[in-house]
Amino acid sequence: MARDLATVLGAAERKDGYLENEKYLVSWACGHLVELAEPHDYDRALIKWDLESLPIIPVPFRLKPADGAGKQLGVLKKLLHRPDVGTVVNACDAGREGELIFRRIYGFCGCRKPVRRLWLSESTSAAVRAAFANLRAGEEFDGLAAAAEARARADWLVGINATRAFSVRHSAVLSVGRVQTPTLALIVAREKEIEVFRPTPYWEVWAEFETDDGTYRGRWTAEDGDRLSDAAAAEAVARKARAAPSACVAKVEHKEVREAPPPFFNLNDLQKEANRRHGLTARQTLDAAQSLYEKHKLITYPRTDSRCVTEALARETFFARLAALARVPEFAGLVPAEPRVLGRRHVNDAGVTDHHAIIPTAAEADVSLLSGLERTVYELVVRRFLSAFHADALRAETTVVTLCAGENFVTRGRTELAPGWRRVYGSDRADVAEERDEDDEPQALPPLAEGQTVRRQKIETRRKETRPPRRYTEAGLLAAMENAGRLTDDAAAAATLKARGGIGTSATRAEIIETLIRRGYILRRKKTLVPTDRGRALVELVPEELKSVETTARWEDGLREVEEGLLHPERWLREIEKFTREVVAMAKEQTTEERVRNTRESVGHCPLCGREVLDYPKSFGCAGYRDGCGFVIWKEICGKRIGRSQARALLAKGRTGLLKGFKSKKTGKNFEAALVLNREEGKVTLEFPAARAEGGR
């Protein structure tokens, strides 16, 4: 980014750690060069974790250079104090974290020179020149900086103290975080819902009707909407309908539905769409978007919560952006000849926060130069942008009620009248849906009129079951974090969370998910997120205040007031210190019976003592081994690696299927066998196919 700015400013002379010309010095910070000091930086005795030393509340907080930051920090300090430097331009990311990075470096280096703020939403040369022509006073962002530092100190206070308190109390490293822990609690709560769910059977009756122009299907529907709860009731309805050779179309209701194009992407929506359509993780999407912004200059600033753009930006730049896309072969056919004038769904000054929505820049793209992930994300952004300039999609929805032997059968039909903006996506629907029951999908219907007689064809009953809640995908979890206000009955907290966009931010949610995975609290299992035993144990142990979205809401309320200058940051931090002391006290009061079970992942239950069988480096072994239980499934048997899925099957069913890849120690030949568990003795043996067994292997 610094090189790009230097190019626009003409600072081409390369120095050690910066670039310069006769007017500008351009240097950089790769992330946080200065960070809050660790507990042992205040007192060497605090390198040891113990309950007696808690809570740790620094007065005052200190800063220190981050690991490996010394050299570049030295360069910046020297530049900031050069006598020929009169003004400092803060060109860090235009947001809370970027402001914090700059302010810490500026303060740590002891600089007092005037500051101007460069506020960029896209990094094209034209945008950089325009931003430099309109530098803002650094003091405008004092509130943003105060909120950023207060947030960082609060996270330090709660994170350091709660992590140490619960880890020491329960003899296991248990990392606690302000947003991380409520997010983990969401995943654990969903898993518990799935575990306690018991499917309830119900029955449907379906009829097929025929006209001279075609056939259609209808589902029996009670007037009160109740389902058929037993097979006998369903069969009674079916038997009654089978006795009638014909039926009558009692009602035909047509409705025309107009669907506007979706709003532009913010980061959260882009991450959800990329996960639903392409299985990308939130981190992969953010990394690709950041590269498209910084390296390729093809999209605007990605770390945004806004779904619309300003009127000035639309008026002054949309024509150039559309013209650039029209010159890209992959998108040329999707740029409308007469773009529609956009309304407040897409262009709305009041809907833009620090940055406008993510849209393509006017840079002409060569998509062949992009990596696979970059191209995927770029196409999502471009198609969402172009869809806004097309007409509404138009469809006809039809509801038909067919009366057969006095019973109502309901049919839903759908016909596309005009694709409108959906043509931008072709056959790939832009509103990717979750898994659906195919029976409920709208049908293509023959012409039907009220009072028309139709021929009754097949009648069938179908047994179905209610379904448990689905595990969170990353898209689902991002949506839950964004809409966390719906998860609380506290009206004030719900309003705050709605106004602030939920828990976490678009810029931090990807890292929160990765942190939970990295720390062993959740796993990715195919497309879903599953809590580990360690994650579940943590959620059980921590007090409600640490895993509640209401707590996050109160924090965000305070930070908003700090940012707006309505609350002094030190006053807000006093409340966080009080909360920290309460959390430590809660941890100290917990009993040893609440000690965390072994934090390794469980694959089932021990056949000898009933405790969990856990995943160790060389085996799957009983958690009660310290108490004398010797049950074990070795991870290598006769040269074959035994994985978690096979261990789970063995413990659940008492045997695996036939496995390939075993190797005889005597002959060196490969063979097939099944693993069989003797539950009484706790022994695992091999069972061979009949023909092999007769051969006496």
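This is a short tour of the nonpolar cores and the salt bridges in the structure, which is a predicted model.

**The nonpolar cores**

Begin by selecting F318, Y378 and W572, which are the residues with the most contacts inside the largest nonpolar core, a set of 120 residues. Next, colour helix α6, residues 142-170, since this helix gives the most to that core, with 12 residues. In soluble globular proteins, nonpolar side chains tend to be buried together.

Keep W572 selected and display what surrounds it: once its neighbours within four places in sequence are set aside, W572 is in contact with A150, R151 and A154, and also with W555, G558, L559, V562 and L567. Then move to V205, A222, A247 and F409, which are included in a second core, separate from the one just visited and made up of 22 residues.

**From helix α4 to helix α6**

Side chains of opposite charge can pair when their charged atoms come close. In this model the count of salt bridges comes to 56, and a few of them are worth selecting in turn.

Select D142 and R103, which form a salt bridge whose closest N and O atoms are 3.0 Å apart. Because D142 lies in helix α6 and R103 in helix α4, residues 96-108, this pair ties together parts that are 39 residues apart in sequence. With a surface display switched on, D142 counts as partly exposed at 38% relative accessibility, and R103 likewise counts as partly exposed, at 26%.

Now select E149 and R104, a salt bridge in which the closest N and O atoms are 3.1 Å apart. Here too the partners lie in two helices, E149 in α6 and R104 in α4, so the pair ties together parts that are 45 residues apart in sequence. Are these two partners buried or exposed? E149 is buried, with a relative accessible area of 16%, and R104 is buried as well, with a value of 6%.

**A network, and one further pair**

Leave R104 and E149 selected and add R153, E570, R574 and E577, since these six residues are linked in a network of salt bridges.

For the last stop, select E564 and R560, which form a salt bridge with the closest N and O atoms 3.4 Å apart. Of this pair, E564 is partly exposed, with a relative accessible area of 48%, and R560 is also partly exposed, with a relative accessible area of 24%.

How values were computed: Residues are numbered from 1 along each chain as its sequence is written. This is a predicted model: local features need pLDDT of at least 70, side-chain atom pairs count only at pLDDT 80 or more; totals for chains, interfaces and linings use all residues. Side-chain values use heavy atoms; hydrogens and water are left out. A nonpolar core is a set of buried Ala, Val, Leu, Ile, Met, Phe, Trp, Tyr and Cys residues joined through side-chain atoms within 4.5 Å. Buried means under 20% relative accessible area, exposed over 50%, partly exposed in between (1.4 Å probe, protein chains only). Helices (H or I, at least four residues) and strands (E, at least two) are DSSP runs, numbered from the N terminus. Contact means heavy atoms within 4.5 Å. A salt bridge is a side-chain nitrogen of Lys or Arg within 4 Å of a carboxyl oxygen of Asp or Glu.
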